[in-house]
Amino acid sequence: MGRLQIWIPHGKKMAVKDLPPGSDPAHPPLAPGEEEKAALLTDELVQKYGEPAIIFTSPMARCLGTAKKAIERFGQHYKQGGVLVVTLNTLCQPDSGD
């Protein structure tokens, strides 16, 4: 199989009224349960396509939260050579607020 790119939109954002102290309302973290959904999606994708070669994410809280489990599982120190995790300032969903 050739290289496959899978674009995963970040999970739902936490409501402003529920933000932890010090959080940036312009860039809220994931809503409760969204990280777990992303972890399940990671498992499904690995079963179907195998381990990722590269994980790209923006530095925004929701994007990082969505990618967190995949980064933990396949981060730079996974196996020999590992998976490259790259955080970009320009990769985000159009009109997402990120």
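**Exercise 1. Describe the surroundings of T66 in this predicted model, starting from the place of T66 in helix 2.**

Solution.
Step 1. T66 belongs to helix 2, which covers residues 61-74.
Step 2. The relative accessibility of T66 is 14%. Buried means under 20%, so T66 counts as buried.
Step 3. The side chain of T66 reaches two backbone atoms: the nitrogen of G11 at 2.9 Å and the oxygen of R62 at 2.8 Å.
Step 4. With neighbours within four places in sequence left aside, the contacts of T66 are I8, P9, H10, G11, L30 and A38. G11 thus appears in this list and also offers its backbone nitrogen to the side chain of T66.

**Exercise 2. Determine which elements the salt bridges E35–K68 and R73–D43 connect.**

Solution.
Step 1. A search of the whole structure finds 5 salt bridges. Side chains of opposite charge can pair when their charged atoms come close.
Step 2. In the salt bridge between E35 and K68, the closest N and O atoms are 3.7 Å apart. E35 lies in helix 1 and K68 in helix 2, so this pair ties together parts that are 33 residues apart in sequence.
Step 3. E35 is partly exposed, at a relative accessible area of 25%; K68 is also partly exposed, at 34%.
Step 4. R73 and D43 meet through their side chains in a salt bridge of 2.5 Å, N to O. This pair links distant parts of the chain, with R73 in helix 2 and D43 in helix 1, 30 residues apart.
Step 5. R73 has 37% relative accessibility and counts as partly exposed; D43, at 34%, is likewise partly exposed.

**Exercise 3. Locate the salt bridge between K37 and E34 and state whether E34 is buried or exposed.**

Solution.
Step 1. The side chains of K37 and E34 meet at 3.1 Å, N to O.
Step 2. Both residues lie in helix 1, 3 residues apart, which is about one turn of the helix.
Step 3. E34 has 11% relative accessibility. The limit for buried is under 20%, so E34 counts as buried.

**Exercise 4. Contrast the accessibility of I55 with that of I6.**

Solution.
Step 1. I55 is found in strand 1, residues 54-57, whereas I6 is in the segment before helix 1 (34-49).
Step 2. At 10% relative accessibility, I55 counts as buried. I6 has a relative accessible area of 40% and is partly exposed.
Step 3. The C-alpha atoms of I55 and I71 are separated by 7.3 Å, although the two residues are 16 residues apart along the chain.
Step 4. I6 joins L4, I8, L41 and Y49 in a nonpolar surface patch, and together these residues have about 410 Å² of accessible area.

**Exercise 5. Summarise the fold of the protein and the confidence of the prediction.**

Solution.
Step 1. The protein has 2 helices and 2 strands, which run α-β-α-β from the N terminus on.
Step 2. Of the contacts between residues at least 6 apart in sequence, 63% join residues at least 24 apart.
Step 3. Buried residues make up 29% of the 98 residues. The protein exposes about 7000 Å², and carbon and sulfur atoms supply 56% of that area.
Step 4. The mean pLDDT is 78, and 74% of the residues reach 70 or more. Among the elements, helix 1 has the highest mean pLDDT (90) and strand 2 (residues 84-87) the lowest (64).
Step 5. Over residues 90-95 the pLDDT is below 50, and this stretch has 7 contacts in the model beyond near neighbours in sequence.

Terms used: Residues numbered from 1 in each chain as written. Predicted model: local features only at pLDDT ≥ 70, side-chain atom pairs only at ≥ 80, totals over all residues. Heavy atoms only, no water. Patch = residues over 30% accessible without salt bridge, like charges linked within 9 Å, V, L, I, M, F, W, Y side chains within 5 Å. Areas by Shrake-Rupley, 256 points an atom, 1.4 Å probe, with all protein chains shown as cover. Salt bridge = Lys/Arg side-chain N within 4 Å of Asp/Glu carboxyl O. Helix = DSSP H or I, 4+ residues; strand = E, 2+ residues; numbered from the N terminus. Buried < 20%, exposed > 50% of the residue type's maximum accessible area, 1.4 Å probe, protein only. Polar contact = N/O pair within 3.5 Å; in protein donor to acceptor, adjacent residues only side chain to side chain. Contact = heavy atoms within 4.5 Å. pLDDT = per-residue confidence, 0-100.
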